[in-house]
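Subject: Structure for your review

Dear colleague,

Please find the structure below, together with its sequence. A summary of what was found follows it.

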There are 2 protein chains.
Amino acid sequence: MTQLTPRHRLVRAAVEAFAEKGFHATTTRDIASRAGMSPAALYVHHPSKEGLLYELSRDGHLAALDVVRRAVDGSDVPAERLRRLVHDFTRWHAEHSLTGRIVQYELTALAPEHLAEVAGYRRDIEATAREVLEDGVARGAFSVDDVPGTALAVLSLGVDLVRWYLPDGPRTPESVADLYAALALRMVAA
Amino acid sequence: MTQLTPRHRLVRAAVEAFAEKGFHATTTRDIASRAGMSPAALYVHHPSKEGLLYELSRDGHLAALDVVRRAVDGSDVPAERLRRLVHDFTRWHAEHSLTGRIVQYELTALAPEHLAEVAGYRRDIEATAREVLEDGVARGAFSVDDVPGTALAVLSLGVDLVRWYLPDGPRTPESVADLYAALALRMVAA
DNA sequence: GTGCTGACTGAGCGCTTGCTTAGCATGCAA
DNA sequence: TTGCATGCTAAGCAAGCGCTCAGTCAGCAC
């Protein structure tokens, strides 16, 4: 039995509740009771319900961005860079499908200044995908008509995963990641 | 200036509000005021806020299912069937991106019996995609390792569109539909 | 005119929401 | 022993929620 700080118990409870029912359908009483505390305890450790969402969303976006950056920095070969990008991006969403659902679906619940911040991380992720495709096209490894559109499409595979993926389902994160990486490579094959 | 029935004005207002802020963040007062009515007027034409969502979600699912069925019935050639499936599915989501967002993102807000009904339509759409792939593989037109996984992937392109597509943006429904249909064909190329 | 119907509103009910406040128990330092 | 910080709770406040209800009003039949 791992020991969790009260603060972290509340974070975990919020992840479960937000992922299951969405931010607006989740009450502070629900989060607190999942963490085994009274409603008021939430405000000892977090500034507000939206502040809790912001922390989850920001950390999730930064983790996903880090995964993407490490993936494309790990190789110089265009096909290998794209394979790792889609593979690791997809695997992260499968391994953190609850957090991923919050990252992808609860943007509109963020306060404007918090939305502006995470929108920047999202642009960085999309720009990284475009850069990998452009580089591959320039070096003759890929054949792509519409680079921005194809970049959106390869990321869509990992993003849309959080809509249907079940942690205890038949597909492992690794197997979906392998499948989607292979499909992405076919999309750009020269 | 087209004449709309009061009932349809409320439906349009609900589509806009639900798509913009989500079901739980939308108030009945907001829907009514967008339709130029008092809050009580909503209940003259609709049984409840959830009933309004159900009507939108059911009609949207049935329209999407109809688009998918007509697409695959329009040809006997595997590649043409898949091309039409992804093209028309994507174009429908682009042309009806507000309704599409409600169809794809507000499932959890439906009452259990309403969710069960639309889940059936969703299964029919996914089964149609699997059938097109299986038929193409059996006839030697496609090379697909994981038919269910690839079926999910080709539908994900159209589904995820509603997350970022803007009706007044640079991409027309037809251009995104063409792009995604071409990418899907590449995914299964023998 | 009279009677009726359908569309609509103003007022508001009962309830839940996010969040606050006052206060209590524990543990540590001096 | 005293003083204080930390972590928490019971109680509850103000606001907003979905929804209801009594009543108004225009239009139509006769």
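A:H45 has a side-chain N or O atom that lies 2.4 Å from a phosphate oxygen of DNA strand D. The surface near this strand (near: a heavy atom of the residue within 4 Å of the strand) receives two or more residues from each of α3 (42-45) of chain A and α2 (28-34) of chain B. These elements are DSSP runs numbered from the N terminus, helices being H or I of at least four residues and strands E of at least two.

This is a predicted model, in which local features need pLDDT of at least 70 and side-chain atom pairs pLDDT 80 or more, while totals for chains, interfaces and linings use all residues. Residues are numbered from 1 along each chain as its sequence is written, chains are lettered from A and ligands numbered from 1 in the order written, and side-chain values use heavy atoms, without hydrogens and water.

DNA strand D

In total, 16 residues surround DNA strand D, and the closest are A:S38, A:H45, B:T27, B:R29 and B:Y43. Of the atoms of this strand that come within 4 Å of the protein, sugar and phosphate account for 55%. The side chain of A:S38 places an N or O atom 2.8 Å from a phosphate oxygen of DNA strand D. A base oxygen of the strand lies 3.4 Å from a polar side-chain atom of A:R29. The surface near DNA strand D comprises 7 nonpolar, 6 polar and 3 charged residues; here Ala, Val, Leu, Ile, Met, Phe, Trp, Tyr, Cys and Pro count as nonpolar, Asp, Glu, Lys and Arg as charged, and the others, Gly among them, as polar.

DNA strand C

DNA strand C is surrounded by 17 residues, the closest being A:T27, A:Y43, A:K49, B:S38 and B:H45. A side-chain N or O atom of A:R29 is 3.0 Å from a base nitrogen of DNA strand C. On chain B, a backbone N or O atom of B:S38 lies 2.6 Å from a phosphate oxygen of DNA strand C, and a side-chain N or O atom of B:H45 is 2.5 Å from a phosphate oxygen of that strand.

A:R81

A:R81 belongs to helix α5 (residues 78-95) of chain A. This residue is buried, at a relative accessible area of 9% (buried: under 20%, with a 1.4 Å probe and protein chains only). The side chains of A:R81 and A:D135 make a polar contact at 3.3 Å (N or O atoms within 3.5 Å; within protein, one able to donate a hydrogen and the other to accept it, and residues adjacent in sequence counting only if both atoms are side-chain atoms).

Yours faithfully

Terms used: Buried < 20%, exposed > 50% of the residue type's maximum accessible area, 1.4 Å probe, protein only.
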